[in-house]
Amino acid sequence: MALVVVPGLDALRQHLGTEVAVSDWLEVSQERIDRFAEITEDRQWIHTDAERARRESPYRTTIAHGFLTLSFLSRFLTSAVEVEGTRLLVSCGLTSVRFLQPVPAGARIRARVRLRECTEETGFVQATWRLTIECEGQRLAACIADWVVRYHS
C-alpha cells in the first residue's frame, strides 16, 4: 500500500472517523516469534515448540504472542500515515486492546488505520488511532487496538 501523507496537523482533523490508510503486509515468521520469546522471557510452548503445538494446540501450529502482534502498531502506523510538519510523535498509551484471533507462525498481518479522535492542545495535537490488525486469509481481525498519539509541531 502507498504511504498516506497528511499535509499538516490541521488537515489531520479532516480524516476524523475515516479509514486513513492500510499498511503493507508483514510476515510473522517463527524466527520473529522465537526472538520475541527470548527478549521477553515468555517461552511458552504454544509460541516456541512447533512439534508440541502440532500435537497439543487447538491451532495445530505455533502462534505469535499477543504482545508481539501489538508491538507492530508503531511500524504499521508510521509506515502507513505520515503527518507533515510534525517534529515528534509521542505514544501516550492504549485505551483499548482486544486479541480476537491467534496469528499463526508464518502468517502475514497488516493494519487498517482509522482516526477515532483528534484534539488540539497547547503545543501538540492528540490523535486516537484505531488499528485493526488483519491476518491474511482470516475473516476476523487478530487484534483491535486504540492508540493515543501526540504529534508535536
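**Exercise 1. One face of a helix**

Which residues of helix H6 (residues 73-80) are buried in this predicted model, and where do they fall when H6 is seen down its axis?

*Solution.* Begin by listing the buried residues of helix H6, which are Leu73, Phe76, Leu77 and Ala80. Next, recall the geometry of an α-helix, in which there are 3.6 residues a turn, so residues three or four places apart point the same way. Finally, look down the axis of H6, where the buried residues fall within an arc of 90°, so they line one face of the helix.

**Exercise 2. Looking for disulfides**

How many disulfides are counted in the structure?

*Solution.* Recall that a disulfide is a covalent bond between the sulfur atoms of two cysteines. The rule applied here asks for a pair of cysteine sulfur atoms within 2.5 Å, and by this rule the count comes to zero. Take Cys92 as a check: the nearest cysteine sulfur belongs to Cys118 and is 13 Å away, and Cys92 is in no disulfide. Then take Cys143, which is likewise in no disulfide, the nearest cysteine sulfur being that of Cys135 at 12 Å. As for their surroundings, Cys92 is partly exposed, with a relative accessible area of 39%, whereas Cys143 is buried at 0%.

**Exercise 3. A salt bridge inside one helix**

Where do Arg52 and Glu56 lie, and how many Å apart are their closest N and O atoms?

*Solution.* Start with the positions: both residues belong to helix H4 (residues 50-56) and are four residues apart, about one turn of the helix. Then turn to the contact itself, a salt bridge in which the closest N and O atoms are 3.2 Å apart. Arg52 is partly exposed, with a relative accessible area of 29%, and Glu56 is partly exposed as well, at 42%.

**Exercise 4. Salt bridges across the chain**

Which parts of the chain are linked by the pair Arg108 and Glu136, and which by the pair Asp146 and Arg130?

*Solution.* Consider first Arg108 and Glu136, which form a salt bridge with the closest N and O atoms 2.9 Å apart. Arg108 is in strand E6 (residues 107-121) and Glu136 in the loop between strands E7 and E8, so that this pair links distant parts of the chain, 28 residues apart. Consider next Asp146 and Arg130, whose salt bridge has its closest N and O atoms 2.5 Å apart. Asp146 lies in strand E8 and Arg130 in strand E7, so the pair ties together parts that are 16 residues apart in sequence. Asp146 is buried, with a relative accessible area of 6%, while Arg130 counts as partly exposed at 24%.

Technical notes:
Residues numbered from 1 in each chain as written. Predicted model: local features only at pLDDT ≥ 70, side-chain atom pairs only at ≥ 80, totals over all residues. Heavy atoms only, no water. Buried < 20%, exposed > 50% of the residue type's maximum accessible area, 1.4 Å probe, protein only. Helix = DSSP H or I, 4+ residues; strand = E, 2+ residues; numbered from the N terminus. Arc of directions from axis to C-beta. Salt bridge = Lys/Arg side-chain N within 4 Å of Asp/Glu carboxyl O.
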